[in-house]
Structure formats: structure tokens, C-alpha cells
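Trainee: Got a minute to go through this one with me? I'd like to talk about the pockets, then the overall fold.

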Amino acid sequence: MIELRQSELRVAADLARHNLDGTVVVLDQLATTAIMAAEALGVEVGRIVKSLIFVGEETGEPIMVLVSGANRVHEKRTGRQIGQKLGRADADLVRETTGFAIGGVSPLGHLKSIPIYMDEDLFAFQTVWAAAGNARSVFEITPHDLARVTGAARITVT
């Protein structure tokens, strides 16, 4: 049995805290991209949740957008829905805010509370897969449970 790393344990604890059935699954290979995760799991790429961190240009505060692996974020349109222009977050801000390195950022288990928005397209699937705090690990969850436990507002990102 593979021992979970600290970042993965934070995600597992958050799943348990919300009484969710999902467990952290450690993959045989790294899945630093949505395509890699989909291939490793044998699912369509749209079922992979990309947890992206942006910075609100007016506030300088981090904002998470949970995106279907099949989609690219249209930053101007997404920013209008959120209410401010979006800028790119650097790797240091991502780690400082979430506690995770880019490639393994989970929608759960963050070090700091941040606003979260969720791609409407994820709700087309019965379940989705999200990173579990490391590029080697994931967990499965319904989109409705993901939105509920993260407090994510639904938006269109494309």
C-alpha cells in the first residue's frame, strides 16, 4: 500500500470532514495535465477538473476556477462573470495559497480560503476527477458535491 504524502492527507481529511465517499487514488504515473490524468484513468478529458489559480487584478487576491479538462478559460469573459480582470498567478502564490504545487492543485484542502468558481460544463458528468494535492493522485466526486463543499459559484469559462 502506498503511503499518502502530507498534501494528499490534507485532501483526504477534507473529503472525510465533508462526509464524502471519495478516496485519494495514487496513480501509477504522474498526471500533471488533464490529458495525462484522463489517459491514466481511462476517462474522457472533460471529466478531469483543472484547478486553476488566477489573481484578481483589482484586488491582487487569488481566485480559483475549476475547469473541465476539455476547456480553456476565456480570461476576459470569465473575469467579467467574476467581476474583475484576471491575471495569471505565479507558482509561489499558488503554493502559498493552496499548499500545492502546480500540476497537483486540488480544489480541497487549501491552506487559505479563496473564492472558487466552477465551469458549468463539469455538470454534464455524473462524476469528475480532481487532483488530490499531488501530480500522482486524484479523487472522484460528483460535480454537485464539489460545488457544495467548495462553495463554488457556477460560471461559463469558454
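Mentor: Sure. Keep in mind that this is a predicted model. Let's begin with the second largest pocket: by class, its lining has five nonpolar, five polar and three charged residues.

Trainee: OK, and what volume does the second largest pocket have?

Mentor: About 170 Å³. It is lined by 13 residues, and the closest to its centre are Asp-14, Pro-107, His-110, Ile-116 and Val-149.

Trainee: Which helices supply at least two residues each to that lining?

Mentor: Helix H1 (6-17) and helix H5 (143-150).

Trainee: Now the largest pocket. How much space lies in there?

Mentor: About 670 Å³. The lining counts 30 residues, with Thr-32, Lys-50, Ser-51, Leu-52 and Ile-102 the closest to the centre of the largest pocket.

Trainee: And which elements give two or more residues to the lining of the largest pocket?

Mentor: One helix and three strands: helix H2 (34-41), strand S2 (48-56), strand S6 (128-131) and strand S7 (137-141). S2 gives the most, with seven residues in the lining of the largest pocket.

Trainee: What about the chemistry, by class?

Mentor: The lining of the largest pocket has 19 nonpolar residues, along with seven polar and four charged ones.

Trainee: Switching topic. How many helices and strands does the chain have?

Mentor: The secondary structure comes to five helices and eight strands. Reading from the N terminus, the elements go α-β-α-β-β-α-β-α-β-β-β-α-β.

Trainee: Why do we say the chain is as compact as a globular protein of that length?

Mentor: Because its radius of gyration is 14 Å, and that is close to the 15 Å the globule rule gives for 158 residues. If you want dimensions, the C-alpha atoms fill a box of roughly 45 × 30 × 30 Å along the principal axes.

Trainee: What share of the residues is buried?

Mentor: 53% of the 158 residues count as buried. For that count, buried means under 20% relative accessible area.

Trainee: And the contacts? What share comes from residues 24 or more positions apart?

Mentor: Take the contacts with a separation of 6 or more: residues 24 or more positions apart account for 62% of them.

Trainee: Last one. What does the accessible surface come to, and how much of it belongs to carbon and sulfur atoms?

Mentor: The accessible surface of the chain is about 8100 Å², and carbon and sulfur atoms hold 49% of that.

Conventions. Residues numbered from 1 in each chain as written. Predicted model: local features only at pLDDT ≥ 70, side-chain atom pairs only at ≥ 80, totals over all residues. Heavy atoms only, no water. 1 Å grid on protein atoms, 1.4 Å probe; cavity = no way out; pocket = protein on both sides within 12 Å on 5 of 7 lines; lining within 4 Å. Points joined across faces, edges and corners; volume = space filled by probe spheres on them. Helix = DSSP H or I, 4+ residues; strand = E, 2+ residues; numbered from the N terminus. Nonpolar A, V, L, I, M, F, W, Y, C, P; charged D, E, K, R; others polar. Rg over C-alpha atoms; globule rule 2.2 N^0.38 Å. Buried < 20%, exposed > 50% of the residue type's maximum accessible area, 1.4 Å probe, protein only. Contact = heavy atoms within 4.5 Å. Areas by Shrake-Rupley, 256 points an atom, 1.4 Å probe, with all protein chains shown as cover.
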